Amino acid sequence: MAHGPAKGIGRWLFATNHKDIGTMYLWFSFAMFLLGGTFAMIIRAELFAPGMQLVKPEFFNQMTTMHGLVMVFGAIMPSFVGLANWMIPLQIGAPDMALPRMNNLSFWILPFGFALLASTLFMEGGAPNFGWTFYAPLSTTYAPDTVNFFIFGVHIIGASSIMGSINIIATVLNLRAPGMTMMKLPLFVWTWLITAFLLVAVMPVLAGVVTMMLMDINFGTSFFDAAGGGDPVLFQHIFWFFGHPEVYIIILPAFGVVSAIIPTFSRKPLFGYSSMVYATSAIAFLSFIVWAHHMFTTGMPIAGELYFMYATMLIAVPTGVKVFNWITTMFRGSLSFETPMLFAIAFVILFTFGGFTGLMLAVAPADIQYHDSYFVVGHFHYVMVAGAVFSMTAGIYYWLPKWCGKMYDETMGKLQFWIAFIGFNIAFIPQHFLGLAGMPRRYADYALQFSDWNMVSSIGAFMYGAAQLLFLYNVIRTIVAGEPTSEEKTWEGAEGLEWTLPTPAPFHTFSTPPEVK
Amino acid sequence: MVSRLKQLVAYALSPLLLLSFVGQNAHAEDAHASGWSLLNMPQGVTSVSNDIYDLHMTVVWICVWISVVVYGVMFYSMFAHRKSKGYKAANFHESTTVELLWTIVPVLILIWVAFPSTKSLIELYDTTEADIDIKITGYQWKWQYEYLGEGVEFMSELTTSEPAIYNLEPKTEFYLSEVNEPLVLPVGKKVRFLLTAKDVIHSWWVPDLGVKRDAVPGFINETWAKIDEPGVYRGFCAELCGKGHAFMPIVVNAVSEDEYKTWLAEKKEAAAVLREMAKQTFTLEQLMAKGEVAYNRSCAGCHSGNGEGIPGAFPALKGSAIALGPVAKHLDVMVNGVSGTAMQAFGGQLSEVDLAAIITYERNAWGNNVGDMVQPIDVLKFKQGQ
Ligand code: HEM
Ligand SMILES: [Cu+2]
């Protein structure tokens, strides 16, 4: 190779290498994961028993808001961008991302966006306290002054996401190795390509809605203020026009990771590759036309309710197709259960469960009872934590040996898996019961009949939190003291260009494009 | 036999099932079952809540049977098709027939669910021909109920004490779900609810009535309930509305029609007495005493009990220009609120007596010592003068 990485801090500050940038994204998102996790631990500790023990209700609201924002925008989204940076060039046989300098910028503005957001914790008035969905007018007329920091933070984070996605689109469309046709792309690349289009379409909508807030708060407009002729429900329409595609932005790359891992450890090709591609596209399309299923209790006209109910039910169909394909891939394979596979299987089981509750929520009359209760909290943690976060964990264990040329400790990986799996279910199954029994979400304190399940849920949450510390330890231990490996193919069943490279992957790869047959 | 089988399946399978077999919700009046038995949605006491429950159970069972198949195949291959058992992988990876099948069958199932869902939704939206109209207004952090056409209205707010919340006193049975005055409704009558809010969005949720509807400032939403059984039904605010979100419960007391009529007559009587009281003159001591109680109930939530407010969020009244300044401005702020801020218009929420007492209290408490008094009649005049 021509040259290696630069020396010192400059290597990271001026990084244009996709691997270095990917690494920074991954570490940054893990830091955010721990921060958001800390907020979650505070929430669950407060809810351990009825009564206010640790924090005041106003701080509690700041915690639920910051937890949601940091996890969605700081932990999950950047972690998948990091994975995309690392893996897309390796999987399509490209030397790097198409726009390396923009890549540097899109990463380096992120810490500033989150610094803006987190700095509000130390200001008078406190951090945002209006929920990660920041409904107006609670987030405008009634918000603390620090809301302006939140707005600019969101702008920066959004700009970063848009740049990241443009880069991915440009890379996938232009830098594929000769012979790597679209229908040969690994599914991770496909799902990311579609996700990137979703991001480019909806991040500007998010930027728009926060800008309208900014105007309402500081410049006398009344977009969301009924007293000035505006409409608070308009806020929700705009937010969810961003927000629903956003949840698929979170899950589609996770689908891609799982679609790589399951065939590897089943030693059998992915079942229904092309139907997977079509199902992903169908989900992406449908995700634009179902947003108001988050608004069944706002008093929409009945025609709107019916339409959004039918459209939402439809989304379950392509989602089901994906699940059936994964399971058929496993069927009559030759299965082994290394840590990445354990997480991938848990993903399929738990994500499917989240899909079931999603289907229940889609039924508009029943959603009258579920909406804004803990049932919804249960639903989206099944799809986002057991979905996105489990698949991310699986992906890291799966590719870590390729990245650093060291093998992780399998026993510790499995231990982490079981603590996380059991802890997760103890934490979130009871939340469905709580919701059905009538406990609303975002409650700092609750009536006595909800005590038992809240306590159980908190215990599970602490377990799940502990598993993440084990994860951190295991990853660091691997990098520092893991057993060196130089096998090209870490996993015997693995397929794809990344496994044709030396291990650890050199700083520059595919400087001459590989030939794909 | 079939139900035995269902139970067995239920035990063996996904945790989703827990919902379906343990939650036999015996509904007694105000029985609020203890923690562990709370697993399922209540069936409730209106036709809508019953329809919703049936729909919910239908979908739960559909999910259960699908999960039997899906998880079944998955667990089977996890046991039978292991490398450690020497199982050799097959190599199939495509079948259009199968793909079509598992696209079409779910579509059919969904169409099957769509029919009853559509029917219940239409029923739920039919707010015509109501016997009684109640206007419900959400405030940070309490509910106002207005019996339209009857001249009866009141505020319903949490009675759980602050020390109980901060664990300084024991918690009683209806901790955080008790209010000073419940919404009283007759059974067997169709009641239409007209919902709105004065500040932020709230959401009025009583599971047993199958009602949850957002109260949006500046807009009026409609929904309805016809309660079948007398009893006390409790609910909560479901839309995040600020720091008191968890502290504005709902209590509905459903009584027979006769009892309802008696109750309504008494309320009308009491309203007349209150109007009379507004014409009296009070001493400073009387106003201060009344003012302290009313202040702590309605104002202390934001401006805090010692008048110091919450820095950065809610202004202090102790030493504030308004509390120490001219009465007219003070009245204006109290009665009309300050638009664009969290300060509500209390003119329509509190009686003239309470308004007068609070203003007097604010001007003369915590070291504020303007020394003047505001009488109920002054408040009345101010309101009429507008
Ligand atoms: C079968 C597919 C799915 C269906 C039919 C579905 C349906 C729904 C519905 C109807 C709601 C609104 C519930 C309410 O607020 O009353 C909801 C909430 C939510 N869903 Fe899903 N969902 C599905 C999959 C997913 C996936 C894959 C994700 C993300 C990875 C997701 C994330 C969320 C989130 C974050 C919320 C709550 C947002 C909030 O109010 O804070 N869902 N879902
Ligand atoms: Cu959605």
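**Group meeting: the A–B interface, the metal site and the salt bridges of chain B**

I would like to start with one pair of side chains, B:Lys83 and A:Glu492, which meet in a salt bridge with an N to O distance of 2.9 Å. Please keep in mind throughout that what we are looking at is a predicted model. This pair is also part of something wider, since salt bridges that share partners join A:Arg267, A:Glu492 and B:Lys83 into one network. Between chain A and chain B the count is 1 salt bridge, whereas the count of residue pairs in polar contact between these two chains, with both residues at pLDDT 80 or more, is 28.

Which elements of chain A supply at least two residues each of the side that touches chain B? They are α3 (57-92), α7 (232-266), α8 (273-286), α9 (302-330), α10 (339-362), α11 (364-370), α13 (410-436) and α14 (451-481) of chain A. The largest share of that side, 15 residues, comes from α9(A). If we divide the residues of the side of chain A that touches chain B by character, we find 59 nonpolar, 28 polar and 15 charged.

Turning to the extent of the interface, 102 residues of chain A are in contact with 100 residues of chain B, and the two chains bury about 8800 Å² between them, with 71% of that area on carbon and sulfur atoms. Of the area that chain A buries against chain B, A:Tyr142, A:Phe356 and A:Gln369 supply 8%, which is more than any other three residues.

Let me move to the metals in chain A. Which residues coordinate the copper ion, ligand 2? The donors are A:His244 through ND1, A:His293 through NE2 and A:His294 through NE2, at distances of 1.8 to 2.1 Å, and along the chain the donors of this copper ion follow the spacing H-x48-H-H. One of these donors, A:His293, counts as buried because its relative accessibility is 13%, and the cut-off for that label is under 20%. The iron atom of ligand 1, by contrast, has a single donor from the protein, namely A:His379 through NE2, 2.2 Å away. A:His379 lies in helix α12 of chain A, which spans residues 374-404. As for the spacing of the two metals, the copper ion (ligand 2) and the iron atom of ligand 1 are 4.6 Å apart.

I now come to chain B, and to salt bridges within it; for orientation, the count over all chains is 14 salt bridges. The side chains of B:Lys268 and B:Glu150 form one of them, at 2.9 Å from N to O. This pair links distant parts of the chain, with B:Lys268 in helix α6 (residues 257-277) of chain B and B:Glu150 in the loop between β2 (142-147) and β3 (152-156) of chain B, 118 residues apart. Are these partners buried or exposed? Both fall in between: B:Lys268 is partly exposed, with a relative accessible area of 37%, and B:Glu150 is partly exposed as well, with a relative accessible area of 30%.

Helix α11 of chain B takes part in two further bridges. In one, the side chains of B:Asp354 and B:Arg297 meet at 3.3 Å, N to O, with B:Asp354 in helix α11 and B:Arg297 in helix α7 (residues 284-298) of chain B, 57 residues apart. Here B:Asp354 is buried, with a relative accessible area of 18%, while B:Arg297 counts as partly exposed at 40% relative accessibility. In the other, B:Glu352 forms a salt bridge with B:Lys383, and the closest N and O atoms are 2.8 Å apart. Because B:Glu352 lies in helix α11 and B:Lys383 in helix α12 (residues 376-385) of chain B, this pair ties together parts that are 31 residues apart in sequence. B:Glu352 is buried, with a relative accessible area of 17%, and B:Lys383 counts as partly exposed at 24% relative accessibility.

Finally, I would point you to B:Gln349, placed in the loop between α10 (327-336) and α11 (352-364) of chain B. B:Gln349 is buried, with a relative accessible area of 9%, and its side chain makes a polar contact with the side chain of B:Gln344 at 2.8 Å. If we leave out residues up to four places away in sequence, B:Gln349 touches B:Tyr139, B:Lys142, B:Gln144, B:Met155 and B:Gln344.

Key
Residues numbered from 1 in each chain as written. Chains lettered and ligands numbered in written order. Predicted model: local features only at pLDDT ≥ 70, side-chain atom pairs only at ≥ 80, totals over all residues. Heavy atoms only, no water. Helix = DSSP H or I, 4+ residues; strand = E, 2+ residues; numbered from the N terminus. Buried < 20%, exposed > 50% of the residue type's maximum accessible area, 1.4 Å probe, protein only. Polar contact = N/O pair within 3.5 Å; in protein donor to acceptor, adjacent residues only side chain to side chain. Contact = heavy atoms within 4.5 Å. Buried area = accessible area lost by both parts, 1.4 Å probe. Salt bridge = Lys/Arg side-chain N within 4 Å of Asp/Glu carboxyl O. Nonpolar A, V, L, I, M, F, W, Y, C, P; charged D, E, K, R; others polar. Donors = N, O, S within 2.8 Å, 3.2 Å for Na, K, Ca; no water.
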